[in-house]
Amino acid sequence: MSGGFGLPRAISVDNVSKGFGDGAVLDRIDLEIEPGELLALLGPSGSGKTTLLRLLAGLETPDAGVVRFDGEDAAQYTVQQRRVGFVFQSYALFRHMSVFDNIAYGLTVRPRRERPSRELIADRVAELLAMMQLGGFERRHPHELSGGQRQRVALARALAIEPRVLLLDEPFGALDAKVRKDLRKWLRDIHDRTGLTTVFVTHDQDEAMDIADRVAILNHGRIEQIGRPEDVRAAPATAFVREFLE
Amino acid sequence: MSDLALTRRAAKVADEAPLAKAAAIAAALAFLSLFFLAPLAVVIAQASAKGFSAYWQALAEPDARAAIALTLTIAAVVVPLNAGFGLAAAWAIAKFQFAGKNLAVTLIDLPFSVSPVVSGLVFVLLFGAQGWFGGFLAAHHVKIIFAVPGIALATLFVTFPFVARELIALMQQQGTAEEEAALTLGAGGLKTFLSVTLPNAKWALLTGVLLCNARAMGEFGAVSVVSGHIRGATNTIPLQVEILYNEYSIAAAFALASLLALLALVTLVVKLAVEARAAR
């Protein structure tokens with residue numbers, strides 16, 4: 001699985017604001033994400049963390065400010081061109097496709113010139129299935145899988161396109177507590193093996209503190225504090241952070 | 001605590017006295033037989049009152065054959081168009097945010113809330129000899145009212161909501177996450193629509209098409225206003241049934257009507273099959 005992903009990318013968010021209708025969801029956000037870093041966006045619901053993640057993916061456009069990948073303005077690239085691996089909160093697996101077709105999707109929709117051969121696609125899918133411990137599941141459909149299995153298919157599908165960054169929205173949100181704990185280590189492991197710059201959104205501070213290199217804590221569309229888990233825990237910057245971590 | 005209360009209440013509803021349950025089921029069945037099965041039986045009995053050869057003769061009669069052909073033509077024109085329009089409207093409404101969306105949803109339901117007679121009259125007022133475009137059409141020798149195009153237009157209008165409504169409900173419930181996933185994986189807009197949106201909605205689309213077809217073949221009011229009732233030319237099956245009935249050709253009227261009843265049965269059976277398939 002090594003190779004294929006290239007050098008990890010740096011993401012920078014510069015003075016980005018976003019509003020929907022009446023209120024501001026993101027209010028002048030600045031954020032530097034290091035190449036190869038595993039960053040958690042942590043905050044209560046409505047803090048704007050998912051919107052920030054969707055902005056990075058190109059699923060939303062900022063009202064003001066700039067998102068950069070390796071110093072390049074991301075606005076010039078469409079969501080398709082950004083090549084982000086995005087794992088949705090409820091996985092958003094294609095319900096009418098088999099596990100195989102779900103994972104192969106990003107390769108099969110490429111224009112003919114860039115599309116890998118049938119054999120190459122099959123090899124790639126087999127490799128990802130093995131990595132996700134999903135061997136033998138390729139003919140199943142999403143509704144025949146458990147939550148944890150769906151989650152792994154979603155991640156395999158996102159990795160199949162050899163993304164430049166990996167973005168996950170509440171990756172463990174829909175799973176029960178026991179499975180969540182097991183999958184934490186596993187996400188950290190995937191991150192370490194792929195070396196991808198990875199950003200995940202969570203409202204669970206244990207989850208964020210447990211596996212992230214750094215944690216950004218959001219509240220009302222602003223970043224209250226960003227730092228390594230132990231530093232944030234040792235020295236909360238604001239009253240909100242102190243209360244939220246309690 | 002509240003969970004327990006809920007369970008208890010649910011149990012109570014399910015544990016209704018067996019007698020009350022039986023009475024409710026009997027009432028529902030009695031209603032169904034009286035209002036749905038009895039008319040069907042009457043249609044079949046009346047149609048075959050004079051024997052099979054008379055039944056066959058009634059259907060083979062030239063005016064009846066013309067009515068059957070016209071009805072099939074109208075359905076063949078209207079159903080594909082409304083499948084396309086309904087799909088486009090549902091896609092726009094369910095997957096995108098735009099100003100005036102609520103108005104669009106209300107407008108889609110308009111043909112259901114307006115009397116079909118009024119729907120037909122609208123087209124007479126637009127395209128009839130005295131209508132807005134009447135002079136223009138007459139000058140160019142285009143006949144819409146009292147001709148096949150008028151019947152197609154009126155049917156198109158009346159049956160527009162079927163496909164759109166089936167699809168909007170389903171597409172809204174499915175949300176846009178799968179489409180967004182396709183976009184992040186590199187698929188373009190058209191590819192996303194064809195490979196994700198359409199397959200996810202295909203069973204609802206089929207159900208909508210079935211209902212649209214049944215109504216397109218069975219529509220009476222709107223078609224009656226614009227048709228002109230020219231025998232062998234602008235009479236659809238429902239209009240021909242009325243004419244025969246008014247002429248006291250009861251057996252012939254019911255023979256033709258039995259075709260529509262058969263269509264209804266086939267539609268229901270296929271719809272059930274589609275829904276069973278979709279539920280898997």
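Which residue in β2(A) is the bridge partner of A:Phe20? I looked it up, and the partner of A:Phe20 is A:Gly23.

**Ground rules**

I note that this is a predicted model, where local features need pLDDT of at least 70, side-chain atom pairs count only at pLDDT 80 or more, and totals for chains, interfaces and linings use all residues. Residues are numbered from 1 along each chain as its sequence is written, while chains are lettered from A and ligands numbered from 1 in the order in which they are written.

**Confidence**

I checked pLDDT, the predictor's confidence in each residue, from 0 to 100. Chain A has a mean of 91, with 98% of its residues at 70 or more. Within chain A, helix α6 (residues 177–194) comes out lowest at a mean of 85, and helix α3 (residues 99–108) highest at 97. Helices here are DSSP runs of H or I with at least four residues, strands are runs of E with at least two, and both are numbered from the N terminus.

Chain B averages 89, and 94% of its residues score at least 70. Among its elements, helix α1 (residues 2–14) has the lowest mean, 50, and α10(B) the highest, 96. I also looked at residues 1–7 of chain B: their pLDDT is below 50, and the stretch has zero contacts in the model beyond near neighbours in sequence. A contact means that the C-beta atoms of two residues, placed from the backbone, lie within 7 Å. For the whole model I wrote down ipTM 0.91 and pTM 0.83.

**The open sheet of chain A**

I traced four strands in the order β2-β1-β4-β5, forming an open sheet with antiparallel pairing. β2 (23–33) and β5 (72–73) are at the edges with a single partner strand each, so one side of each has no neighbour in the sheet. Two strands count as paired if DSSP finds at least two bridges between them.

I then went through the pairs. β1 (residues 11–20) and β2(A) are antiparallel over seven bridges. β1(A) and β4(A) also run antiparallel, joined by five bridges, and A:Ile11 stands opposite A:Phe69 in β4(A). β4 (residues 64–69) meets β5(A) over two bridges, again in the antiparallel sense. There I found A:Arg68 opposite A:Asp73 of β5(A).

**A hairpin further along chain A**

Strands β9 (residues 214–219) and β10 (residues 222–227) pair antiparallel over five bridges. A:Ala216 stands opposite A:Ile226 in β10(A). Two residues lie between the strands of this hairpin, and A:His220 takes a positive phi near 50°.

**Where the chains touch**

I counted 18 residues from chain A and 14 residues from chain B in the contact. On the chain B side, α10 (177–184) and α11 (189–218) each supply at least two residues. α10(B) gives the most, with six residues. I sorted the chain B side by class and got seven nonpolar, four polar and three charged residues. The nonpolar class is Ala, Val, Leu, Ile, Met, Phe, Trp, Tyr, Cys and Pro, the charged class is Asp, Glu, Lys and Arg, and the others, Gly among them, are polar.

**Is α11(B) straight or bent?**

α11(B) bends by about 55° at B:Lys202, the bend being the angle between axes fitted to the seven residues ending there and the seven starting there. Its 30 residues put the end C-alpha atoms only 37 Å apart, short of the 44 Å of a straight helix. That expected span is 1.5 Å times one less than the number of residues.

**Domains of chain B**

Chain B is divided into domain 1 (1–48) and domain 2 (51–279), with bounds from an automatic or database domain assignment. I get 32 Å between their centres, taken over C-alpha atoms. Six residues of domain 1 are in contact with ten of domain 2. The domain 1 side of that contact has four nonpolar, two polar and no charged residues.
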